[in-house]
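Visitor: I would like a close look at one part of this model, the aromatic pairs. Please start there and then follow the chain to wherever it leads.

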Amino acid sequence: MSRLVVISNRVPVPDEKKGAPAGGLAVALRAALEERGGVWMGWSGKSSGEQDAGPLSMIEDGNITYALTDLTDRDVEEYYHGFANRVLWPICHYRLDLADYGRKEMSGYFRVNGFFAERLLPLLQPDDTIWVHDYHLIPMARELRERGVRNRIGFFLHIPLPPADVLFTMPVHEEIIKCLAHYDLVGFQTDHDLANFVGALEREGIGHSPAPGHLVSFERKFRGGAYPIGIETAAFAGFARRAASHAMVRKAEESLVSRPLIIGVDRLDYSKGLTQRIDAYERFLVDNPHHRGNVTYLQVTPKSRSEVPEYEAMQRTVAEQAGRVNGALGTVDWVPIRYINRSVARPLLAGLYRLARVGLVTPLRDGMNLVAKEYVAAQNPEDPGVLILSRFAGAAREMNGALLVNPYDMEGTANAIKRAIEMPLEERKARWQQMMDRLLVHDVSRWCDDFLSDLTEEENAAHAALAT
Ligand code: ADQ
């Protein structure tokens, strides 16, 4: 078995969170790295200011080497805040109105990818399997190929890949597609994303799919597939079971005084549909006066990317909106929305999910959405809650026991909240079981194995082949 080399923008170094359990993706990739031995490389999250970054910082943990590099202020501004988070992120989430394209940022993006490739080069061995993650690093394979790397290289896109009409609003879309053609395998969250990619190739006349899963573009043959990411289902269900005795969970439960809980857990991001969600909850309360005072909505939302102006503006909008609803509908003994801007440790999060009668997951667009899966995994099988899920989350392709909603349809979402709160136990159990059965089989380890076995299988021996 060849060594595995993982490259991602940020790297979850084990002791970074002082022993807190890591998220599913980190657990699965670490397990794959431990099994094969290997390297996980990425940005340290730190800036070296105006000076060039110093040597890589190397952390050894068993047979995994974590290799971290700093970036200059200019790199962080252009590559990370600029092109990745103000061009690729909004466009891939269909927010053309928020994309702020600039040539400086675009060239910074390609420059930093070249810099990462340069730093990775001395760590590579000839038969390493390389797995690149997410939109920050799309050009990585091309940068490595240009430096003579002939290894298998796979790429997984964690966010959506929009259809041609949306993707092509990005001035360098052809360059981005060309970069993807340098991988041996390109993985997407859903079949829709894969179809959008093939559609983009065909529309532009720059490639096609001669057979399912096979792609040809820019005279290169490569593979593409849908690999819906999962969570560490069994472990998460265990956290949730044990969390019942967690002091904070008990406090939260007491504070509800038997009111059903609706929970939302999201990074503060415009793609997550928070303002539409709060509007829908308000509509639910206005239309159903008998539920007023008898339900609590907890929204746990750590701030993210505050350096990006659109995020900073959104922090204010959502806080004001929650305050306005509480002011208008709250009473001396009841607050309609509990709004928290903090991260919560995973075991506590699992316990809060389990307390909640409704999981409200309504992104306007999401690659997958792991919160939807965590909410289901955390439920008590004897008294499970109901998942309300946006049809525009990748998870909607799998979670067929959820109440699917269109988050732009405020009344539809309000009706779904009512239906979820009032749903009889038997229906809740049947819906939950359907979803849990799937989550247990399609967990994050399975996702990791499926991707890596497709990337390394013999049939792909013609890797990095030139199409003839
Ligand atoms: P994200 O956009 O970050 O991920 P998501 O899939 O929901 O979205 O994952 C968020 C993770 O952060 C979850 O594990 C959740 O538990 C955790 N989290 C969120 N709020 C938290 C809080 N307050 N406290 C503690 N933990 C919190 C991107 C894509 C998604 C895709 C994932 C994985 O945008 O579409 O599902 O990558 O591929």
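Visitor: Are Y79 and Y109 buried or exposed?

Guide: A caution first: this model is predicted. Y79 and Y109 are both buried. They belong to a wider set, as the count of aromatic pairs comes to 24. Y79 and Y109 make one of these pairs, and it is stacked. The ring centres are 6.3 Å apart, and the planes meet at 20°. A pair of aromatic rings is described by just these two quantities, the distance of the centres and the angle of the planes. The cut-offs explain the label: centres must lie within 6.5 Å, and planes under 30 degrees apart count as stacked. The values of 6.3 Å and 20° for Y79 and Y109 meet both conditions, so the pair is listed as stacked.

Now place the two rings. Y79 sits in helix α2, residues 73-92, while Y109 sits in helix α3, residues 103-120. They are 30 residues apart in sequence, so their pair ties these parts together. Other rings join them. Y79 and Y109 share one aromatic cluster with F83, Y101, F110, F115 and F116.

Compare a second pair. Y353 and Y375 are arranged edge-to-face. Their centres are 6.2 Å apart, with 80° between the planes. Planes over 60 degrees apart count as edge-to-face, so the 80° of Y353 and Y375 gives the label. This pair also links distant parts of the chain. Y353 is in helix α12 and Y375 in helix α13, with their positions 22 residues apart. Burial is clear here too. Y353 is buried at 1% relative accessible area. Y375 is buried as well, and its relative accessible area is 1%. Buried means under 20%, so 1% for Y375 falls inside the limit.

Helices α12 and α13 lead on to the ligand. Each of them, α12 (346-355) and α13 (370-377), supplies at least two residues of the shell around the ligand. In total 22 residues surround the ligand. The closest are H158, V344, D366, L370 and E374. By class, the shell holds 11 nonpolar, five polar and six charged residues. Two domains contribute. Domain 1 (4-230 + 445-467) and domain 2 (233-441) each give at least three residues to the shell.

Next come the polar atoms at the ligand. An N or O atom in the side chain of E374 is 2.6 Å from an oxygen atom of the ligand. R267 places a polar side-chain atom 2.9 Å from a ligand oxygen. G367 uses its backbone instead: an N or O atom there lies 3.0 Å from an oxygen atom of the ligand. The protein covers 85% of the 710 Å² of accessible area that the ligand has on its own.

E374 has a protein partner too. Its side chain makes a polar contact with the side chain of R346, at 3.2 Å. R346 is found in helix α12, the helix that also holds Y353. R346 has a relative accessible area of 13%, so it counts as buried under the 20% limit.

For contrast, take two loop residues with a backbone feature. Most residues other than glycine have a negative phi. E219 is not a glycine, yet its phi is positive, about 60°. It lies in the loop between β9 (214-217) and β10 (220-226). E219 is exposed, with 65% relative accessible area. S258 is not a glycine either, and its phi is positive at about 65°. Its loop runs between α9 (247-256) and β11 (261-265). S258 is exposed at 77% relative accessible area. The limit for exposed is over 50%, so the 77% of S258 passes it.

One loop residue falls between the two labels. N406 is in the loop between β16 (403-405) and α14 (410-422). At 31% relative accessibility, N406 counts as partly exposed. The C-alpha atoms of N406 and F392 are 7.5 Å apart, and the two residues are 14 residues apart along the chain.

Definitions and conventions:
Residues numbered from 1 in each chain as written. Predicted model: local features only at pLDDT ≥ 70, side-chain atom pairs only at ≥ 80, totals over all residues. Heavy atoms only, no water. Near = heavy atom within 4 Å. Polar contact = N/O pair within 3.5 Å; in protein donor to acceptor, adjacent residues only side chain to side chain. Areas by Shrake-Rupley, 256 points an atom, 1.4 Å probe, with all protein chains shown as cover. Helix = DSSP H or I, 4+ residues; strand = E, 2+ residues; numbered from the N terminus. Nonpolar A, V, L, I, M, F, W, Y, C, P; charged D, E, K, R; others polar. Domains from an automatic or database assignment. Phe/Tyr/Trp six-rings, centres within 6.5 Å; stacked < 30°, edge-to-face > 60°. Buried < 20%, exposed > 50% of the residue type's maximum accessible area, 1.4 Å probe, protein only.
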